[in-house]
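Trainee: Could we go through this model together? I have a few things to ask, starting with the cysteines.

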Amino acid sequence: MQTMISFQHAVDLVIDAANRRERAVETVGLARASGRVLAQDIFSPLPLPPFRNSAVDGFAIRWDDLVDDMPTELHLAGEQFAGASGAFSAQPGTCVLVTTGAPIPEGFDTVVMREHTERDGAGIRFHRRPARVGEFVRSVGEDAAMGECLLSAGSTLNAARIGVAAACGLDRIAVITRPTVAVFTLGDELQQPGNPLCPGQIYDSNRPMLQALLAECGIESVSWPALPDDPNRLKAALMDAAEAFDLIITCGGVSAGDKDFLPTLLRDAGKPIFWKIRMKPGMPVLFGELGRSVYLGLPGNPVSVLATFRQLARPLLDAMQSRSDVALPMRAKLRAPVSRSAGRREYRRGTLEVGMDGQLWVTPDPADGSHRLVAATRNNALWVMDEQDAELSAGDVVDTEAFAHILRGTAAP
Ligand code: AMP
Ligand code: MG
């Protein structure tokens with residue numbers, strides 16, 4: 001087991017462990033595909049658009065029939081609505097009424113917007129000739145050629161990508177199966193919300209928080225009321241889950257206290273990979289394999305859970321699904337100086353704003369205790385101090401990740 005490793009080393013080990021596991025593929029209907037990871041490349045079985053059609057409501061014409069800067073009247077030969085396959089052929093001096101998306105009849109090469117015409121019975125008067133041949137005509141394959149790779153395996157299905165799958169005629173899509181996740185909270189002091197608190201107890205806030213964090217990753221987890229600090233009960237519960245789930249996440253019980261039984265449990269019953277990272281919060285994170293599961297032990301402090309889930313559990317879940325398009329941190333300027341003793345990669349909380357000039361600014365939150373969950377609700381971002389950073393000045397540029405909407409701020413500090 002490795003210990004006191006760098007944050008990057010920890011992420012690499014987490015991803016290695018994910019990559020050792022097999023991926024399963026399932027097929028889902030498009031309505032359930034949002035956020036899922038595509039399991040195979042998708043090639044267009046048809047050109048998009050599949051036929052030449054009109055970009056506006058108007059009249060299909062032959063560009064040659066109109067005259068620059070002079071009104072011209074053409075005979076209305078018929079109507080072609082979206083969905084029609086009616087065949088007209090372009091006779092000189094005629095036009096056809098078309099709606100947006102209607103096929104453009106053979107021989108017509110340009111569409112004029114309805115607003116730029118006047119109708120007089122079967123005569124349509126055009127104010128002037130459009131600047132170019134082909135205006136408002138959507139050509140075959142303009143968006144994608146037949147056989148083109150439209151979506152790549154590993155990409156996350158979002159609204160546009162799901163729309164493209166549908167535009168190709170697919171109603172179902174092959175995606176990587178989501179990992180099944182069991183969540184355990186533990187600690188003799190924990191009481192479940194909804195019950196009265198006894199002296200010395202606190203409510204188990206991490207359990208619903210972890211469920212919410214997992215839900216943000218599209219994962220419906222399974223969890224139980226908190227376990228006691230009892231090594232036998234812990235072992236029984238975790239070994240049970242280790243047969244049934246792809247991933248077990250615990251929080252609490254991973255430090256060096258007398259009641260922190262999980263490092264020993266993982267050593268005795270599983271395969272530890274690392275314990276302790278040079279990061280803050282989250283130093284005592286424990287990681288390994290237990291039964292057929294990957295095991296991630298987060299610290300108990302709620303703010304540590306928020307930060308370590310984001311920095312370690314999310315990359316793990318992404319790698320378990322072979323997700324290739326993960327968000328990178330943004331770069332923002334610090335609004336205030338910060339100093340500390342260097343040596344750990346530190347995730348601090350702050351408020352991220354974008355100025356009228358487009359510059360991102362992050363204001364550090366001075367309330368940085370890892371138990372201060374209420375303070376965390378005021379923030380919308382984590383920002384990073386690298387291992388070696390001891391002093392940062394106002395205006396220094398740092399990596400930052402928004403976990404809620406970025407605010408509109410002023411331009412300068
Ligand atoms: P531990 O890592 O078990 O020593 O826990 C560190 C701190 O986090 C202690 O103050 C615990 O009371 C607190 N804590 C642990 N688990 C939870 C939880 N599920 N909900 C809220 N606080 C917790
Ligand atoms: Mg504890």
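Trainee: How far is the sulfur of cysteine 168 from the closest cysteine sulfur, and in which residue is that one?

Mentor: The closest cysteine sulfur belongs to cysteine 149 and is 10 Å from that of cysteine 168, which is too far for a bond. A disulfide is a covalent bond between the sulfur atoms of two cysteines, counted here when the two sulfur atoms are within 2.5 Å, and the structure holds zero of them. Keep in mind that this is a predicted model, in which local features need pLDDT of at least 70 and side-chain atom pairs count only at pLDDT 80 or more, whereas totals for chains, interfaces and linings use all residues. Residues are numbered from 1 along each chain as its sequence is written, chains are lettered from A and ligands numbered from 1 in the order in which they are written, and side-chain values use heavy atoms, with hydrogens and water left out.

Trainee: And is cysteine 168 buried or exposed?

Mentor: Cysteine 168 counts as buried because its relative accessibility is 9%, while cysteine 149, at 34%, counts as partly exposed. Buried means under 20% relative accessible area, exposed over 50%, and partly exposed in between, with a 1.4 Å probe and protein chains only.

Trainee: Switching topic, where does arginine 129 lie?

Mentor: Arginine 129 lies in the loop between strand 10 (123–126) and strand 11 (137–138); helices (H or I, at least four residues) and strands (E, at least two) are DSSP runs, numbered from the N terminus. With a relative accessible area of 17%, arginine 129 is buried.

Trainee: What does the side chain of arginine 129 reach?

Mentor: Its side chain makes a polar contact of 2.9 Å with the side chain of aspartate 68, and one of its polar atoms is also 2.9 Å from the backbone oxygen of leucine 66. A polar contact is a pair of N or O atoms within 3.5 Å; within protein, one must be able to donate a hydrogen and the other to accept it, and residues adjacent in sequence count only if both atoms are side-chain atoms.

Trainee: What about threonine 377, which loop is that in?

Mentor: Threonine 377 is in the loop between helix 7 (373–376) and strand 27 (381–385), and it counts as exposed because its relative accessibility is 63%. The side chain of threonine 377 nevertheless reaches the backbone oxygen of valine 374, at 2.5 Å.

Trainee: Last one, in what order do the seven strands of the open sheet run?

Mentor: The order is 1-19-21-22-18-14-17, with mixed pairing; two strands pair if DSSP finds at least two bridges between them. Strand 1 (2–5) and strand 17 (222–223) are the edge strands, each pairing on one side only.
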